Amino acid sequence: MANAWKRDKSHKLLSARSLLLFCSTSLLLLTLFFLLSRPSALNPAIDSTSIRFQNQNRFLSSKIHPLDCPKSPQAHPVIANLVEGLKYPFLYSLSDFGTLPDKPHKNIVRLLKGKLFRKPDISATMQEVLERLSGEGREGLVVDVGANVGMASFAAAVMGFKVLAFEPVYENLQRICDGVWLNRVGEIVTVFEAVASDKLGNITFHKLVGRLDNSAVSVSGAKLAFKSNEEIEMQVRSIPLDEVIPTSEKVLLIKIDVQGWEFHVLKGALRILSRKASDAPYLIYEEDERLLQASNSSSKEVRDFLHSVGYHHCTQHGTDAHCTKN
């Protein structure tokens, strides 16, 4: 009885029907494997070139092209986590690690403690304003000028808004590209490696070594908060928003944080800002008098310009001004 299983075991070859079923199943599995292994299936943020540029081609011109994140050298290592306390959370790729191992960035310490990344005020502000505007039936692009590592861009994108992000510092652009992939927003976030300004061409930009958050067009503006950091010059593209955004494109909100260059950005968006009140974008811009003066402008000059195009209602929120047309 111990060897009875040998007598009962069948050694029949597969029938024609079984063989056909096996081949069909194998072919189906191979097809699924091929489809799922394509980058666009695994990662919706990295779409095929045709799909990606169908969405972005309305911003393509001989003057400037969007940055192609999938074809650009990526940052490494990538350290990412969710941002705390947001109604619409998103993943943030940390750009500043601090001094390791002696003095790590506060968000690395939080990560090691099992905490989420600390919420930046601009992310919460963007979501609150956009939710209110959406509730009023408003729609259109969100434009992030001085995007840095994308805290405002991704706060808007995860809500479903299409975003144009302008950022000249390449290390920051790498982290924005990380966020495009991590948050699966490649179809709705268009990134430009450029400074938004009032003139088309190239401009000298001043970058602080060891800092990714205080570079500026003005050398004194760049070094105002961090005088001990070494400053280096770099040539970057500059382009007015009016040259990038077609007149047919609705613009819901423009956020500007460019270390004192705000007046020049606004002048380069004259046509957009001159739209009738129902189509004029909500404005959030940094209004820091010291930084504005370092770029040969002032808060009064900015407000006078905004009044000239119909923005008569501005409120102060810390160092940011929020302006609308009535």
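Me: Which strands and helix do the buried residues of helix 8 pack against?
Reply: They pack against strand 1 (80-82), strand 2 (91-93), helix 7 and strand 7 (189-192). Helices (H or I, at least four residues) and strands (E, at least two) are DSSP runs, numbered from the N terminus. This is a predicted model, in which local features need pLDDT of at least 70 and side-chain atom pairs count only at pLDDT 80 or more, while totals for chains, interfaces and linings use all residues. Residues are numbered from 1 along each chain as its sequence is written, and side-chain values use heavy atoms, with hydrogens and water left out.

Me: What makes helix 8 largely enclosed by the rest of the structure?
Reply: Buried means under 20% relative accessible area, exposed means over 50%, and partly exposed lies in between (1.4 Å probe, protein chains only). In helix 8, 10 of the 13 residues are buried, so the helix is largely enclosed. Among these buried residues are Asn 172, Arg 175, Cys 177 and Leu 182. Just after the helix comes Arg 184, with a positive phi of about 55 degrees.

Me: How do you know that the span of helix 6 agrees with 1.5 Å a residue?
Reply: The expected span of a helix is 1.5 Å times one less than its number of residues. Helix 6 (residues 121-135) has 15 residues, so it should span 21 Å, and its end C-alpha atoms are indeed 21 Å apart. Its buried residues, including Met 126, Val 129 and Leu 133, pack against elements such as strand 5 (141-145) and helix 7 (151-157). Gly 137 follows helix 6 and has a positive phi, near 85 degrees.

Me: Why is Ser 153 called buried?
Reply: Its relative accessible area is 1%, which falls under the limit for buried, so the word fits. Ser 153 sits in helix 7. Not counting residues up to four places away in sequence, it touches Asp 144, Ala 147, Val 163 and Ala 165.

Me: And why does Lys 250 count as partly exposed?
Reply: Its relative accessibility is 45%, which lies between the two limits, so Lys 250 is partly exposed. You can find Lys 250 in the loop between helix 10 (241-244) and strand 11. Contact means heavy atoms within 4.5 Å. Beyond its neighbours within four places in sequence, Lys 250 is in contact with Glu 139, Gly 140, Leu 141 and Arg 275. Lys 250 and Arg 275 are 25 residues apart in sequence, and their C-alpha atoms are 9.9 Å apart in space.

Me: Which residues touch the most other members of the largest nonpolar core?
Reply: They are Val 145, Phe 166, Leu 241, Ile 254, Leu 273 and Leu 306, in a core of 42 residues. A nonpolar core is a set of buried Ala, Val, Leu, Ile, Met, Phe, Trp, Tyr and Cys residues joined through side-chain atoms within 4.5 Å. Apart from this core lies another, of 39 residues, among them Val 83, Phe 97, Ala 152 and Val 191. In soluble globular proteins, nonpolar side chains tend to be buried together.

Me: What is the mean pLDDT of the protein?
Reply: The pLDDT is the predictor's confidence in each residue, from 0 to 100. The mean for the protein is 81, and 74% of its residues reach 70 or more. Over residues 1-14, though, the pLDDT is below 50, and this stretch has 1 contact in the model beyond near neighbours in sequence.
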